[in-house]
Structures are given as C-alpha cells and as structure tokens.
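Reader: I have a model open here and would like to go through the terms used for it. Could you walk me through the reasoning behind them?

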Amino acid sequence: MVFAASPLLTRSPTESRYAAIVIDAASGEVLYAQHADSPRYPASITKVMTLYLTFEALSEGRLKLTDRVVYSQYAAAQPATRLGVQAGDSISVDEAIRAMSVKSANDAAVAMAERLAGTEPRFAALMTLRGQELGMSNTRFVNAHGLPDSRNVSSARDLAILSRAIMRDFPQYYSYFGLKGFTFRGAYVPGHKRLLDTMPGFDGLKTGFTNASGYNLAGSAVRGGRRLIAVVLGGPSAAWRDNNMEDLLLTGFEVLERRSHGDKTTIAANLYDIDPRGPMVRPSVEDSEGDQDISAPSMTDVPQRSAQRPGASKATAKPAAPGTWGIQVGSFRNQTLARTQLGIVKSKVARLLGEADDFVESAGGTFRAQFLGVNEETARKVCKSLSADRQPCLVVTPR
C-alpha cells in the first residue's frame with residue numbers, strides 16, 4: 001500500500017493548537033470552520049477509526065460481539081489509560097468496544113487491532129486506507145489508539161467526516177459512543193464525556209488528550225429533529241473544550257432555527273470567535289481528562305426573558321423603541337460573559353455607538369449581547385468597523 005506523505009506539523013511553540021468545525025450531519029454542510037484543514041494530533045479520537053473498522057467487521061459477519069479478543073504481550077504493555085488485562089487473557093468484542101469508547105483504553109485498541117489485522121502497523125495501514133476512501137485527505141494513522149507519534153496526524157474536517165461516516169454506516173452501533181460508563185469484571189468504569197450529563201441532546205462520540213494535542217473532542221447532538229456534528233481540537237483544558245463544544249453546537253442549532261424563518265446568518269456571526277491564546281467564551285476550569293464536575297446553575301441564577309442592560313437593575317432596564325436597528329456582537333452560554341463582551345466592544349466603538357442601549361437578551365438557553373436603538377446607517381457602520389477588527393458582528397433589523 002502506498003500512502004501520501006503525512007502533513008507536517010510546523011507550528012511555532014506559541015502558535016495555537018486550536019481548530020474547530022461544525023457540520024450538518026444530514027447534508028454534510030459546513031456551518032463553521034476555524035483552522036479546519038490544518039494538521040493536528042487527533043489523540044484518542046483516533047479510536048473512532050479503530051471502532052469504525054471494528055463495526056465494519058461486525059456488520060460483515062467477520063466478527064461477533066461475543067468473540068474473544070486475546071491480549072498479546074504488546075497489547076498488555078500499552079500505557080494508561082488501559083483496562084489492565086494481562087497478556088494471554090481475553091475480553092469480549094463487546095467489552096473491547098466499551099473500553100475504547102468509554103474509558104479510551106489503549107490496550108483494548110491494540111488488542112482489537114491485532115485481532116482484526118494481525119499486527120498494529122498492518123491495522124494502522126488499513127485505518128489510513130479507509131480514511132482516504134471516506135475523504136479524509138489530511139489524515140494518516142500509524143497506531144490504533146492515538147498515543148503520541150508525530151506521524152499520527154489528522155484535521156478537524158477529517159475527524160468530522162469520520163464522525164459522520166460512522167453514524168451513517170453503522171447506526172446500530174452508534175449508541176456505544178453515548179455510554180456514560182460500563183461494568184467490567186465487577187467494577188464500574190466511568191467515562192469522560194461530561195456533556196452527556198450537562199447538555200440536552202448531546203449523545204456521544206469521543207474525547208482525546210495528549211500533551212502535544214491539547215484537549216480534543218468530537219461530539220454530536222440532536223435538537224428539533226436536526227443533528228449537528230462538531231470537532232474541537234487543542235483546547236487548554238477539558239472544561240474549556242467542553243464549553244466551546246457546547247457553544248458551537250447551541251449556536252449552530254440557533255442558526256438553523258433562524259434560517260428556517262428566512263434569516264440569513266452564520267455561526268461565526270453569532271459566536272464570539274475564540275482562540276485559546278486570547279479571550280475565552282467562558283472561563284476555563286483546569287481539570288483532568290476525567291472531567292471535574294461543574295454544577296449547573298439553579299433556576300434563580302437564570303435570567304428572565306426580558307432584556308437587561310448591563311449594570312442596570314431590572315426596574316430601570318427597558319427595550320429599545322420599536323422600529324429601531326440593533327447590533328449583535330456575540331451569543332453566549334453565560335450572561336456575565338455576554339455583558340463583558342458588550343463592555344469590550346463598547347470600549348472599541350463608543351464614538352460610533354453614541355447613546356445606543358446595551359442589552360443581554362435571553363434566547364433558548366443562550367445570551368445575546370446586543371446594542372439597540374440605532375439607525376441602519378450606524379448599525380452597518382459599527383459592524384463594518386468591528387469586522388475590520390476581526391470581531392463578529394450581526395446587524396439586527398427593526399422588530
């Protein structure tokens with residue numbers, strides 16, 4: 001087999017590892033992309049391809065869920081995270097799948113690779129070949145688990161293609177990616193996907209982390225009968241990565257809803273474009289791949305539907321007069337950060353904004369940072385200035 005040369009990672013030490021993409025699972029339309037074709041280390045998202053080939057063998061009858069997967073000395077010696085099965089011992093195919101999708105067990109990935117192809121290098125060649133057939137043009141796999149190897153390279157777009165393919169080709173097995181944990185030999189093994197508990201509609205795929213890659217996540221969610229797939233690579237922490245994934249998916253659903261009503265808009269126009277080197281959508285909570293619990297806000301923390309001016313009491317806040325134009329400079333999952341964004345923008349274009357009222361509007365679980373009460377000329381002039389400064393801005397038409 002002959003493969004194209006691997007993309008080279010030639011970033012400087014200070015260059016961001018962040019990359020992201022959001023696609024419509026049904027049509028494959030790309031709704032948002034940032035550095036989506038740049039080479040990145042996939043880390044344990046690599047196991048999605050290992051699982052793709054496993055599901056392929058199951059669907060073709062070459063493998064059964066009850067078949068045994070024997071651990072070689074090499075498989076048993078893989079570093080953490082692992083199940084810790086001894087050489088010569090075996091687990092079922094079903095257990096191996098659960099171990100890879102939930103615990104991200106490296107030993108199970110190698111054992112499965114050897115079960116299907118004889119050796120891990122041979123299996124990795126099959127992974128790369130199948131990836132090319134699926135359209136993953138910037139990907140080369142050299143192992144079954146994603147542990148550090150400079151040759152094991154992919155991209156956000158390619159990993160979204162893979163995620164979509166595994167849902168499309170093997171829907172009968174997709175539920176494995178939504179497992180929160182499983183029991184192995186009498187002990188409960190928890191997973192790493194915090195969004196399964198905290199984001200309604202989020203139903204799976206795969207996390208990943210190495211020091212070289214940063215915190216990665218391929219995820220998918222369903223809302224209103226529409227499914228989106230997103231990939232976030234190179235996050236500075238698991239919490240930051242999860243927050244960014246949630247923001248991308250929620251904003252994506254909002255964009256689809258607004259499009260259905262004739263509003264021509266994009267995710268980038270509604271989400272403050274974020275790079276881990278700069279300001280974040282939400283504060284990061286440093287934690288391990290095991291994911292620290294983050295308590296959900298109580299109902300008293302959730303603002304009411306009525307808009308409120310930052311720094312003003314509810315009694316003094318009032319909406320702009322009907323028929324006036326507005327400017328939206330971001331959509332957030334956190335009201336405080338929406339207000340912070342308003343302050344940042346106002347400091348940049350205060351002269352253009354004049355007496356515009358700044359508001360945070362609660363809409364479907366997100367908080368839109370807006371300036372209201374301007375005329376059309378001012379709205380467009382402000383957005384032009386902000387766009388030149390690489391700040392997303394959306395003109396809001398009169399209500």
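Reader: Which residues touch the most other members of the largest nonpolar core?

Author: Happy to help, and please keep in mind that this is a predicted model. The largest nonpolar core has 62 residues, and M49, Y52, F55, Y71, L83, I91 and I166 touch the most other members. Helix α1, residues 46-59, contributes the most to this core, with 8 residues. There is also a second, separate core of 23 residues, with L195, A221, A230 and L250 among them.

Reader: What is I91 in contact with, beyond its neighbours within four places in sequence?

Author: The partners of I91 are D67, R68, V69, Y71, L83, V85, A96, A108, F184 and R185. Each of these counts as a contact because heavy atoms lie within 4.5 Å.

Reader: What makes the pair of Y52 and F170 edge-to-face?

Author: The ring centres of Y52 and F170 are 4.9 Å apart, with 75° between the planes. Centres within 6.5 Å make a pair, and planes over 60 degrees apart count as edge-to-face, so Y52 and F170 earn the name. Both Y52 and F170 are buried.

Reader: Why does this pair tie together parts that are 118 residues apart in sequence?

Author: Because Y52 lies in helix α1, while F170 sits in the loop between α6 (156-169) and β5 (181-184).

Reader: And why is the pair of F55 and Y176 called stacked?

Author: Here the centres are 6.2 Å apart and the planes 20°. The distance is within 6.5 Å and the angle under 30 degrees, so F55 and Y176 count as stacked. F55 is in helix α1 and Y176 in the loop between α6 and β5, 121 residues apart. F55 and Y176 are both buried.

Reader: Which residues form one aromatic cluster?

Author: Y52, F55, F170, Y173, Y174, Y176 and F177 do. The structure holds 8 aromatic pairs.

Reader: Let's turn to the sheet. What makes β2 and β7 edge strands?

Author: The open sheet of 5 strands runs in the order β2-β1-β9-β8-β7, with antiparallel pairing. Strands β2 (30-34) and β7 (202-210) each pair on one side only. Neighbouring strands are turned by 5° against each other on average, direction ignored.

Reader: How do you know that β8 and β9 pair?

Author: Strand β8 (residues 214-223) and strand β9 (residues 226-235) run antiparallel and are joined by 8 bridges. Pairing needs at least two bridges, so β8 and β9 qualify. Within this pairing, S220 stands opposite I229 in β9.

How values were computed:
Residues numbered from 1 in each chain as written. Predicted model: local features only at pLDDT ≥ 70, side-chain atom pairs only at ≥ 80, totals over all residues. Heavy atoms only, no water. Core = buried A, V, L, I, M, F, W, Y, C linked by side-chain atoms within 4.5 Å. Buried < 20%, exposed > 50% of the residue type's maximum accessible area, 1.4 Å probe, protein only. Helix = DSSP H or I, 4+ residues; strand = E, 2+ residues; numbered from the N terminus. Axes fitted to C-alpha atoms, helices over the stretch in contact; angles between N-to-C directions. Phe/Tyr/Trp six-rings, centres within 6.5 Å; stacked < 30°, edge-to-face > 60°.
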